[in-house]
Amino acid sequence: MNDPAIAGRGTTPPGAGDERQAAAWVKQMFAAVAPRYDFLNHLLSFNVDRLWRAHLLAAVISVLERSSPAVLDLCCGTGDVLIQLQKNTKKAVMGADFCHPMLVEAVRKTSARRLASPLFEADALTLPLRDGSLDLITIAFGFRNLANYEAGLLELVRTLKPGGMLAILEFSHPRSWFMRVSYGLYSRVLLPVIGSVVSGRRDAYTYLPESIGKFPAAPRLKHMMESAGFTEVSFELLTGGIAALHTGRKAAVAHKT
Ligand SMILES: C[S@@+](CC[C@H](N)C(=O)[O-])C[C@H]1O[C@@H](n2cnc3c(N)ncnc32)[C@H](O)[C@@H]1O
């Protein structure tokens, strides 16, 4: 893909001068909050994150119900989405994340539920998976953290089968003025205070609203997916646009613009 407007763009955490430093910052930040991640997630979202994950599940259920789908939950973190996917399909769902302490939590939670989901440590930009091997990739609240969105999308295109489905659940930008102001106040003022008290890492919870603010708006992400080789791309805004669910399929013959 040669779209100069998006080439080389990804998350830019404080102090990170290049993509390698950005990825390292993200990894150590999630490592630090891993033990309190689930608790804070549900607390800070007033449990609305559970509804958003349910939307994701509903969007991909037709793939899960096939006889033997190859499914990857990328940036699986502590495994909340992975567990829901696994409960709704017969074949083992893979989970991948590059942060070891988050995977440790995922192993603990899947083992407690006797789910045999294979989990592995890997960077989303360089997955240890064969070309065209997956029917479905889900990513919940992970894509925004990638050091390079274009490279991430191309890696997802590479690993999906032609016709394979991608579902990205991610924070987005509230549409109405009222939602923008109230959510802005909450996420930039209250959220860092609560997050820092519970996790001890204020920077993790100032990074969250900052990274959301810089993340492409939903129509832009749709365009990026299409440029990378996805078809039938659509998105649904959730909770007034606080989050968005994008879905698309790898084109039968992937194109590069
Ligand atoms: C906000 S958490 C979301 C976890 C989980 N999907 C959920 O819905 O709760 C983001 C996760 O993405 C992972 N992550 C970020 N960048 C990554 C990358 N380049 N490769 C693999 N995992 C990454 C982080 O380690 C973290 O566990």
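A residue counts as buried when its relative accessible area is under 20%. Keep that cut-off in mind while touring this predicted model.

**Stop 1: the sheet**

Show the strands as a cartoon. Seven of them form an open sheet in the order E3-E2-E1-E4-E5-E7-E6, and the pairing is mixed. Look next at its edges, strand E3 (119-121) and E6, each of which pairs on one side only. On average, neighbouring strands of this sheet are turned by 15 degrees against each other, with direction ignored.

**Stop 2: strand E1**

Select residues 71-74, which are strand E1. Is this strand covered or open on its two faces? Both faces are covered: Val71 and Asp73 lie on one side, Leu72 and Leu74 lie on the other, and all of these are buried.

Now bring in the neighbours of E1. On one flank, add residues 94-97, strand E2, which pairs with E1 in the parallel sense over three bridges. To find one contact point, pick Leu72: its bridge partner in E2 is Met94. Then add residues 134-140, strand E4, which runs parallel to E1 and is joined to it by four bridges. Here Asp73 stands opposite Thr138, and Leu74 has Ile139 as its bridge partner.

**Stop 3: helix H4**

Select residues 80-87, helix H4. Together with E1 and E2, this helix makes a right-handed β-α-β unit. H4 lies across E1, E2, E3 and E4, and runs at about 165 degrees to E1. That angle is over 145 degrees, so the two directions count as roughly antiparallel.

**Stop 4: strand E4 and the way out of it**

Return to E4. How many of its seven residues are buried? Seven of the seven are, and the strand is described as mostly covered. E4 also pairs with E5, in the parallel sense and over six bridges. Select Leu136 and Met165 to see one place where these two strands stand opposite each other, Met165 being in E5. The chain gets from E4 to E5 through H6, and this β-α-β crossover is right-handed.

On that route, stop at Phe141, which is in the loop between E4 and H6. Its phi is near 60 degrees, a positive value in a residue other than glycine. Is Phe141 buried or exposed? At 9% relative accessibility it counts as buried, because 9% falls under the 20% cut-off.

**Stop 5: helices H6 and H9**

Select residues 149-159 for helix H6 and residues 218-228 for helix H9. Two packed helices are described by the angle between their axes and the distance between the axes. For H6 and H9, the axes come within 9 Å and cross at roughly 50 degrees. The two helices are therefore oblique to each other, and their crossing is right-handed.

Show side chains at the crossing. Which residues meet there? From H6 come Tyr149, Leu153, Leu154 and Val157; from H9 come Met224, Met225 and Ala228. An α-helix has 3.6 residues a turn, so residues three or four places apart point the same way. That spacing can be looked for along the H6 set, which includes Tyr149, Leu153 and Val157.

Stay on H9 and colour its buried residues: Ala218, Leu221, Met224, Met225, Ser227 and Ala228. What do they pack against? Their partners are H6, strand E5 (160-171), strand E6 (230-238) and strand E7 (243-250). Just after the helix comes Gly229, with a positive phi near 120 degrees.

**Stop 6: strands E6 and E7**

Finish with E6 and E7, which pair in the antiparallel sense over seven bridges. Pick Leu238 and then its bridge partner in E7, Ala243. From here, bring H6 back into view: this helix packs on the sheet and touches E1, E4, E5, E6 and E7. The direction of H6 makes about 145 degrees with that of E5.

The last selection is Thr239, in the loop between E6 and E7. Its phi is near 50 degrees, again a positive value in a residue other than glycine. At 39% relative accessibility, Thr239 counts as partly exposed, because that value lies between the 20% limit for buried and the 50% limit for exposed.

Definitions and conventions:
Residues are numbered from 1 along each chain as its sequence is written. This is a predicted model: local features need pLDDT of at least 70, side-chain atom pairs count only at pLDDT 80 or more; totals for chains, interfaces and linings use all residues. Side-chain values use heavy atoms; hydrogens and water are left out. Buried means under 20% relative accessible area, exposed over 50%, partly exposed in between (1.4 Å probe, protein chains only). Two strands pair if DSSP finds at least two bridges between them. A crossover is right-handed if, with the strands pointing away from the viewer, the path from the first strand over the helix to the second runs clockwise. Axes are lines fitted to C-alpha atoms, for helices over the stretch in contact, and angles run from 0 to 180 degrees between N-to-C directions. Angles under 35 degrees count as roughly parallel, over 145 as roughly antiparallel, 65 to 115 as roughly perpendicular and the rest as oblique. A crossing is left-handed if the near helix is turned anticlockwise from the far one by less than a right angle, and right-handed if clockwise. Contact means heavy atoms within 4.5 Å.
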